[in-house]
Protein chains: 2
Amino acid sequence: MAQEKSPSTTRRSERSRTAILTAARELVSEVGYAKLTIEAIAARAGVGKQTIYRWWPSKGAVVFDSILSLSEGADDGEIALPDTGDLEADLKTVLRATVAEFADPGFEAPIRALHTEIISDPELAAAYREKMEAPMREAKKRRLRSAQDSGQLDPNADLDLVLDFLYAPLTQRWLTRSGALDEAFADALVDATLRAFRGS
Amino acid sequence: MAQEKSPSTTRRSERSRTAILTAARELVSEVGYAKLTIEAIAARAGVGKQTIYRWWPSKGAVVFDSILSLSEGADDGEIALPDTGDLEADLKTVLRATVAEFADPGFEAPIRALHTEIISDPELAAAYREKMEAPMREAKKRRLRSAQDSGQLDPNADLDLVLDFLYAPLTQRWLTRSGALDEAFADALVDATLRAFRGS
């Protein structure tokens, strides 16, 4: 049975947790994932190393959590996309929000830093996929399956391919800064993807 | 007027040029772009630094050339995609060839190394776009325009978006190793892109 904590202990824990996640996010943006150490996170957060290791088993775990904690609602466990019954409108809402997030340096810098390591580190790439991408991808697929059920998406569509079409051009433009990342682009990705996969 | 060279001088120059490009490609794979030096390229190629500076103005220029020289025909200036009159068949030929290239470590390793730097270095990203991506993108657009003329592609299609749909999912799978990069995937990208942009 979990030990009961006094309200002030809980508040103090929550403050430490937030300080650690903020420090991890700032440091991965500043020095990159490879050079980041648990010691540096502890020092910036003003906690002991042991406090970090009590909650997270590894550097990867605390960095992934620090980035996940940026996404609203991610802490509640279940991630869900809006489902108003209108797939096109819902996808445009989600992709416009993604475009807005990537315009925010505080959001995009740590994920960009992580991506530079992922490309040259297959193990980190696998961990990233398992801890961060897979849960998001599953949430997106739930929304697409609902659209398949309501006849708004080809029931035989390969949902991984649908998600690649929606997100890969956006990710590429963001990472390589090769073009405007705006709402018009978000909408165009949704429109073209639905033309390809709406079914007949 | 260019000074005429004896056949043996030309052969020697060609040998040096090939040795420099090979060394640049190997070294960028091994140490990454940031840590690569002209001195190291010269040492591995067995030439003087001045020989490199005689032909290339900068590290970026020799590295880009070393990667471009991997692509058959790139030395001849004009890059062209096959045009048999059948857009679907031609795009599948090209994307299958791209998939095969990315399966070859000698080809993909230097480009992967360059990509890790591009993500965190906006200036290098711009140089990469100008020297390497823009000429390829223009060649691909010429093939797409020919398809627009023959009624196989929507005449109003945004060709940059068409290319993003064809290539971004492929690039993402390659860089993040998130799925199989095979002929079936290449064909699926072409099929879905044409459904989105074939027009009515």
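**Figure 1. Solvent exposure of B:A180 in the predicted model****.** In this predicted model, B:A180 has a relative accessible area of 44%. B:A180 is therefore classed as partly exposed, since that class lies between the limits of under 20% for buried and over 50% for exposed residues. The residue belongs to the loop that links α8 (159–176) to α9 in chain B.

**Figure 2. Surroundings of B:A180 in chain B****.** When residues up to four places away in sequence are left out, B:A180 touches B:R173 and B:F185. A further reference point is B:L170, which lies ten residues from B:A180 along the chain. The C-alpha atoms of B:A180 and B:L170 are 9.7 Å apart.

**Figure 3. Packing of helix α9 of chain A with helix α9 of chain B****.** Two descriptors are used for a pair of packed helices, namely the angle between their axes and the distance between the axes. Here, α9 of chain A (residues 183–197) and α9 of chain B (residues 183–197) meet at an angle of about 105 degrees, and their axes are separated by 7 Å. The pair α9(A) and α9(B) is therefore roughly perpendicular, because angles of 65 to 115 degrees fall in that class.

**Figure 4. Residues in the contact of α9(A) with α9(B)****.** On the side of chain A, the contact is formed by A:A192, A:R195, A:A196 and A:F197. On the side of chain B, B:A192, B:R195, B:A196 and B:F197 take part. By residue class, the contact of α9(A) with α9(B) comprises six nonpolar and two charged residues, with no polar ones.

**Figure 5. The annotated segment of chain A, residues 37–56****.** An unreviewed UniProt entry lists residues 37–56 of chain A as "DNA-binding region". Over residues 37–56, chain A is 75% helix and 0% strand. The C-alpha atoms at the two ends of this segment are 13 Å apart.

**Figure 6. Fold and surface of chain A****.** Chain A contains nine helices and zero strands, and its elements follow the order α-α-α-α-α-α-α-α-α from the N terminus. Its C-alpha trace extends over about 60 × 40 × 30 Å along the principal axes. Of the 200 residues in chain A, 46% are buried. Considering contacts in chain A between residues at least 6 apart in sequence, 64% connect residues at least 24 apart. The exposed area of chain A is about 10,000 Å², with carbon and sulfur atoms contributing 50% of it.

Conventions:
Residues are numbered from 1 along each chain as its sequence is written. Chains are lettered from A and ligands numbered from 1 in the order in which they are written. This is a predicted model: local features need pLDDT of at least 70, side-chain atom pairs count only at pLDDT 80 or more; totals for chains, interfaces and linings use all residues. Side-chain values use heavy atoms; hydrogens and water are left out. Axes are lines fitted to C-alpha atoms, for helices over the stretch in contact, and angles run from 0 to 180 degrees between N-to-C directions. Helices (H or I, at least four residues) and strands (E, at least two) are DSSP runs, numbered from the N terminus. Angles under 35 degrees count as roughly parallel, over 145 as roughly antiparallel, 65 to 115 as roughly perpendicular and the rest as oblique. Contact means heavy atoms within 4.5 Å. Ala, Val, Leu, Ile, Met, Phe, Trp, Tyr, Cys and Pro count as nonpolar, Asp, Glu, Lys and Arg as charged, and the others, Gly among them, as polar. UniProt positions are given in the numbering used here, feature names are shortened, and annotations may be inferred rather than shown by experiment. Buried means under 20% relative accessible area, exposed over 50%, partly exposed in between (1.4 Å probe, protein chains only). Accessible areas come from the Shrake-Rupley method with a 1.4 Å probe; for residues, only the protein chains shown count as cover.
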